[in-house]
Number of protein chains: 2
Amino acid sequence: MTGTIGLDIGATKTLGVLVDADGRVLEQVREATEPGRDGVVRTAALVVAHLGAATHGAPATSVGLGIPGLVDVERGMVKHAVNLGVDGDWVPLRAELEARLGVRVAVENDVNVATLGAVALSGIRDLVYVSIGTGLAAGLVLDGVLRRGATGAAGEIGHVPTDPNGAVCQCGQRGCLETIASGRALAEAWHPAGSPGGDVPPAQAVFAAAAAGDPRAVEVRDRFAAGVADAVRTLCLSVDPATIVLGGGVSHLGARLVEAVGDALRAQAASSPFLASLDLAARIRVVPDDQPVAAIGAALLGRP
Amino acid sequence: MTGTIGLDIGATKTLGVLVDADGRVLEQVREATEPGRDGVVRTAALVVAHLGAATHGAPATSVGLGIPGLVDVERGMVKHAVNLGVDGDWVPLRAELEARLGVRVAVENDVNVATLGAVALSGIRDLVYVSIGTGLAAGLVLDGVLRRGATGAAGEIGHVPTDPNGAVCQCGQRGCLETIASGRALAEAWHPAGSPGGDVPPAQAVFAAAAAGDPRAVEVRDRFAAGVADAVRTLCLSVDPATIVLGGGVSHLGARLVEAVGDALRAQAASSPFLASLDLAARIRVVPDDQPVAAIGAALLGRP
């Protein structure tokens, strides 16, 4: 049986899936990501080879990949994939992989492939996907069409400032949503620089401690949730999707995240009949925890 | 010669145009708007009759109208057109006008018809129109398609808060963009409640005084321009249009508005290489002052 391959290339691991014509995942492979330009190409080729072996050698008809960085989709080139050790000039990742693999390759930003995956998994063709990982960014599929924007900046909601007196963001502005509503911001609020962390991911630790009644954890959780709610509100007052899917590493919190963000949205709406009429809390869901959403989206990318 | 009619129904006047197949304005008529549900229908019928007389009785093939209020486009119904004295239940404006005029009628929100008009006049099929009138709202045409959103709230950017310590907005939230970047906010900042105004529209007065070096006017102008820049940034980080068209009453300022907002965008970008790379100031233009943009957009609405 043949199909198309999708690769979710992350800073530490690369996840590959083989997906059939109906979008079902036939095989799944995971390998550590080798850093650097050649490392990324080798890792991708390795995962594709493993998936080929699993299908008894029947070639995939295309390979799509999602990568954290700036992507020129038309030219198949990547830049600023800093976490992968790929920086400096544009890297012609598509051409290098096509030469190595002998199949059609498509390259896309990691948040965009996850958004396409969320569409495929939900069957909803108009949604906004909010990726809450180390940073904060959104992907938009509007009436079935992925919105990249004129310069690929569509969904860069993490760099919308919401507080003139907020913290300075890595982007250089002050009070960006990402300084509140991201995994990094949550970790820093919970374990201020220099204080010891633990084995439990910070988001899990904060939400567990808050549920157990720790007042500092409640404060940290609620501030974070209010920031995510701000991002949801901004996206809804811009493009008004019926569905907002929360994804990224922090979304492993599942229903607890939906509840906290829903509470924050209801609190915002308490003072505003206008906002209340939009019922934003009802639009929120979380990406399924057991599905490789970004790899699935990537597998749909390169389809002829 | 026949064509289609567009009506821009405002609180004080209704502007009607007859537009030919190529989008050229053949005739233009203006009447005072009679308030209330029946008044709006009578005014619309009067303007259509005047335009019919101007074309020597050749019937228009359709009538489109833009109206400030909540519009259910599918059902052709209007609600909350408070400035027109139309409130309470949904009003079946399309059905009433079709019965009276005997032609196909389409009804749309005023900002959306202006956005369609901006597309028609510019020939740019992917843009965001920012209406700076009494309030602040945007219209989005993305890759040629008007984005209304799931609940008609797409472009309600005026109610995105950007300052937790900002003024209370009419919508009930605090620090909304509309409390800074609207004609009402500009007028209130220039003439605080109770102080005398003048015959010159406040936006014109503020910009003229600022250009003449009045320090308070400079402060009022720059705060307003920074708010418009915030709206532009939020829209660009959401949907990333190549072109942002400023319209609404305040846009009569023309190049002076583009310059002030451009300066504010450049000031925002000074601290952020990321924001600077998006070059938002270069995306701004102003709607042509001599064109009935909303009425032209309305005339395109109802086309078969």
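## Worked exercises on a predicted two-chain model

β8(B) and β9(B) make a hairpin, and three residues sit between the two strands. This is a predicted model, so treat the exercises below as a walk through its computed geometry.

**Exercise 1. Work out how β9(B) pairs with the strands β8(B) and β10(B).**

Step 1. Start with β8, residues 127-132 of chain B: six bridges join this strand to β9(B), and the two run antiparallel. For a concrete register point, take B:Val128, whose bridge partner in β9(B) is B:Leu140.

Step 2. Now go to β10, residues 145-146 of chain B. β9(B) pairs with β10(B) over two bridges, again in the antiparallel sense. Here B:Leu142 stands opposite B:Val145.

Step 3. Check the turn. The hairpin of β9(B) and β10(B) has two residues between its strands, and B:Asp143 takes a positive phi near 50° there.

**Exercise 2. Place these strands in their sheet: what is the strand order, and which strands stand at the edges?**

Step 1. The sheet is open, has five strands and shows mixed pairing; read across, the order in chain B is β10-β9-β8-β11-β12.

Step 2. The edges are β10 and β12 (284-286) of chain B: each has a single partner strand, so one side of each is left without a neighbour in the sheet.

Step 3. Find a parallel part of the mix. β8(B) and β11(B), residues 244-247, run parallel and are joined by four bridges. Within that pair, B:Tyr129 stands opposite B:Val245.

**Exercise 3. Is β9(B) covered on one face or on both faces?**

Step 1. Recall the pattern to sort by: in a regular strand, side chains alternate between the two faces of the sheet.

Step 2. Sort the residues. One side has B:Leu136, B:Ala138, B:Leu140 and B:Leu142, while the other has B:Ala137, B:Gly139 and B:Val141.

Step 3. Every residue in both groups is buried, so both faces are covered. That's seven of the seven residues in 136-142, which is why β9 of chain B counts as largely enclosed by the rest of the structure.

**Exercise 4. How many disulfides does the structure hold, and why don't A:Cys171 and B:Cys169 form one with their closest cysteines?**

Step 1. The count over all chains is zero.

Step 2. Set the cut-off: the two sulfur atoms would have to be within 2.5 Å.

Step 3. For A:Cys171, the closest cysteine sulfur is in A:Cys176 at 3.7 Å, which is too far for a bond. For B:Cys169, the closest is in B:Cys171 at 3.9 Å, also too far.

Step 4. Look at the surroundings too. A:Cys171 has 8% relative accessibility and counts as buried; B:Cys169, at 7%, counts as buried as well.

**Exercise 5. Check the length of two chain A helices, α3 and α7, and see what flanks or packs against them.**

Step 1. α3 (residues 110-122) has 13 residues, and its first and last C-alpha atoms are 18 Å apart, close to the 18 Å expected at 1.5 Å a residue.

Step 2. Look at the ends of α3(A). At the N-terminal end, A:Asn109 acts as the cap, with a side-chain oxygen 2.9 Å from the backbone nitrogen of A:Val111. After the helix comes A:Gly123, with a positive phi near 75°.

Step 3. Repeat the length test for α7 (residues 255-269): its 15 residues should span 21 Å, and the end C-alpha atoms are 21 Å apart, which agrees.

Step 4. List buried residues of α7(A), including A:Leu257, A:Val261, A:Leu265 and A:Gln268. The buried residues of α7(A) pack against several chain A elements, among them β8 (127-132), α6 (215-239) and β11 (244-247).

**Exercise 6. Is B:Asp20 buried or exposed, and what does it touch?**

Step 1. Locate B:Asp20: this residue is in the loop between β2 (13-19) and β3 (25-32) of chain B.

Step 2. Its relative accessible area is 6%, so B:Asp20 is buried.

Step 3. A polar atom of the B:Asp20 side chain lies 2.9 Å from the backbone nitrogen of B:Asp22. Setting aside neighbours within four places in sequence, the contacts of B:Asp20 are B:Leu26 and B:Arg303.

**Exercise 7. What rotation superposes chain B on chain A?**

Step 1. The answer is 180°, with 0.0 Å of shift along the axis and an RMSD of 0.0 Å. The two copies are thus related as by a two-fold rotation axis.

Step 2. B:Thr162 is the chain B residue that comes closest to that axis, its C-alpha being 2.2 Å away. The same surface serves both copies, with 100% of the contact residues of chain B recurring in chain A.

How values were computed
Residues numbered from 1 in each chain as written. Chains lettered and ligands numbered in written order. Predicted model: local features only at pLDDT ≥ 70, side-chain atom pairs only at ≥ 80, totals over all residues. Heavy atoms only, no water. Buried < 20%, exposed > 50% of the residue type's maximum accessible area, 1.4 Å probe, protein only. Pairing = 2+ DSSP bridges. Least-squares fit on C-alpha atoms with pLDDT ≥ 70 in both. Contact = heavy atoms within 4.5 Å. Expected span 1.5 Å × (residues − 1). Polar contact = N/O pair within 3.5 Å; in protein donor to acceptor, adjacent residues only side chain to side chain.
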